[in-house]
Amino acid sequence: MTAFLIRRLMQAVIVLIATSVIVFTGVFAIGDPLEILLPADASIAEREQVAESLGLNEPLPVQYLGFVTDAVQGDFGRSFVYNRPATEVILERLPATLELTFTALVLSLVIGIPLGLWAGVKAGSATDETIMTGSILGFSLPNFWQGMMLIMIFSVTLGWLPSTGRGETGTILGVETSFATWDGLKHLLLPAINLALAQTALVIRLTRTGVQETMPLDFVKFARARGISSPRILFVHVMKNILIPIITVIGIEFGSLVAFAVVTETIFAWPGIGKLIIDSINALDRPIIVSYILIVVTMFIVINFCVDALYSLLDPRIRVSAQ
Amino acid sequence: MSKAPSFLRGQSLFARAIRGILMSPKATVALAVCLLLIAAAMLAPLLAPQNPYDLAQIDFFDSKLPPLSEGSTGITYWLGTDTQGRDMLSAMMYGLRTSLGVGLISGLFALAVGTSLGLIAAYAGGRLDSFIMRFVDLMLGFPTILVALMILVVFGQGTWKVILALVFVQWAYFARAVRAAALVESSRDYVEAAKCLGLSSPRILFAQILPNCLPPLIVIATIQVASAIAAEATLSFLGIGLPITEPSLGLLIANGYQVLLAGIYWMSVFPGLLLLVLVFSINLVGDRLRETLNPRLVQ
């Protein structure tokens, strides 16, 4: 068990190092930061001086080592645009993104699980066919276009909900959040629906498959023989068994929601890290780009590592086959 | 099934796939829509009412006209015009060309790369196998959009770089599927027989094992083409995808986004609907193929 975890941990570290090398060479070596930092009429002597002070004259491996030494201490350099530490700018915007992804996740479960159960119980019926075709439609709807249509219908035509921004935030238990104010909730609803849609389609499929695999099992037949009502069998006994795979997948998918928030935040002008990275790419704000990528990749490595560890804890076969 | 035309009665893969689709009205309609859209894209220069990128054919005074309005030259703009006075229908047909082209090309490359690596992993086994498969796991652990974003940041933008990013994101799905299928196949007798005949490893891999791994590959290829089209549209919408000289459907929608709040809905609604119909019908065909070709259900 320990050996398995150590091996996985070493792989995670290797991946992180590889990513940092690729991103560093890509962003720092292919482009020239001096082009942006210096005015166009700067003399050669000035260029030399600035390059010297930023350590840009050093050979690439030396520069990389310097970057890593700083990065390990949480220092990814100062943002060109905000003139503040890049990590600070990102961490400041992280809560808005987490709030959005969390709400989307809850929405997808609340909508997806009942629909999946319904389709699974009525497998092969017209209801099932409709729900499953609907879920393919959910996968197929281009996320950004669906967001624009939400804005067009609910903001422009009906005028019910605001189209952009985060709105007022209040404080609950010391955390600043949109849940605290009515205005905040109104701003949160459309972006959360936009982000939740593809996820809901996934939850529907997972739940339906789970129901179909669980219903023919013996314990369901025994429950029926004992005279337990059908709703109770479905919602208590079957649910318990299908929730485990759903929660696992959702745990992994939480990370991809954070990544897909890039699209939602761009459309709804939501002030999170997704909008920040797109703005930074357009403004060539390299420190932000590098720290965003490394922070998100680290997050994924941690999530994947935890899932691997949990699996091996729950299912000894994985440990054995990995050795 | 006795009335099916002769080419559908066979047991070949192609016949099975087509028969499976034709037995489902939903999938039949989806396939027809796919073929129609491919034809429209290929024949866009012949069918489109105007060439939207020939400045001589565009009248700036016709800009932002709503659907069904008549232009100064007597041309009818069925779906309206954009801010430059381009016919939306024509722009969409040319956009469809770009979107489908990028989706198909990156799907094919991903198929080639993923299949080769998957076959090699399955056949070689040992260290090479576990190295390739760790890499596959790693790729599948990261969301499409994040990997594509990283690649475009590192390599810069452009049509071929978008294709590179899409291939990089998608090959792992093919590799995983083909390895799983190939592992089952390589323990079969015909592989043993081929080895006894002294056939070379590449020949056994590509000529004997690969044809038997085709069913899952066809299903994944269909679905991956749809997701490549959607991913390219998303990247182009975010402004980090295709250059504006080759506007795909995603870029048309992005242009429409600028004027959506001003009430000019047709510039984003129609290209978006076309993109949706395209991706949805490819996915419906893929879903049906999965039901039909799934080896577990067939055997």
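How many helices and strands does the secondary structure of chain B come to? Select chain B and colour by secondary structure: you should find 14 helices and 2 strands, taken as DSSP runs numbered from the N terminus (helices H or I with at least four residues, strands E with at least two).

A word on what you have open: this is a predicted model, in which local features need pLDDT of at least 70 and side-chain atom pairs count only at pLDDT 80 or more, while totals for chains, interfaces and linings use all residues. Residues are numbered from 1 along each chain as its sequence is written, and chains are lettered from A and ligands numbered from 1 in the order in which they are written.

Zoom out on chain B next. Its C-alpha trace spans about 75 × 55 × 30 Å along the principal axes. Of its 299 residues, 47% are buried (20 or more other C-beta atoms within 10 Å of their own, with C-beta atoms placed from the backbone).

Now select B:Ala148 and B:Phe174. In the largest nonpolar core, which has 155 residues, these two touch the most other members; such a core is a set of buried Ala, Val, Leu, Ile, Met, Phe, Trp, Tyr and Cys residues joined through C-beta atoms within 7 Å. Helix 5 of chain B (residues 88-124) gives the most to this core, 16 residues.

Stay on B:Phe174. Beyond its neighbours within four places in sequence, its contacts (C-beta atoms, placed from the backbone, within 7 Å) include B:Ala110, B:Gly114, B:Leu217 and B:Ile220.

Finally, show chain A: 34 of its residues are in contact with 33 of chain B. On the chain B side, helix 13 supplies the largest share, 9 residues.

Terms used
Contact = placed C-beta atoms within 7 Å. Buried ≥ 20, exposed ≤ 12 C-beta atoms within 10 Å, placed from the backbone.
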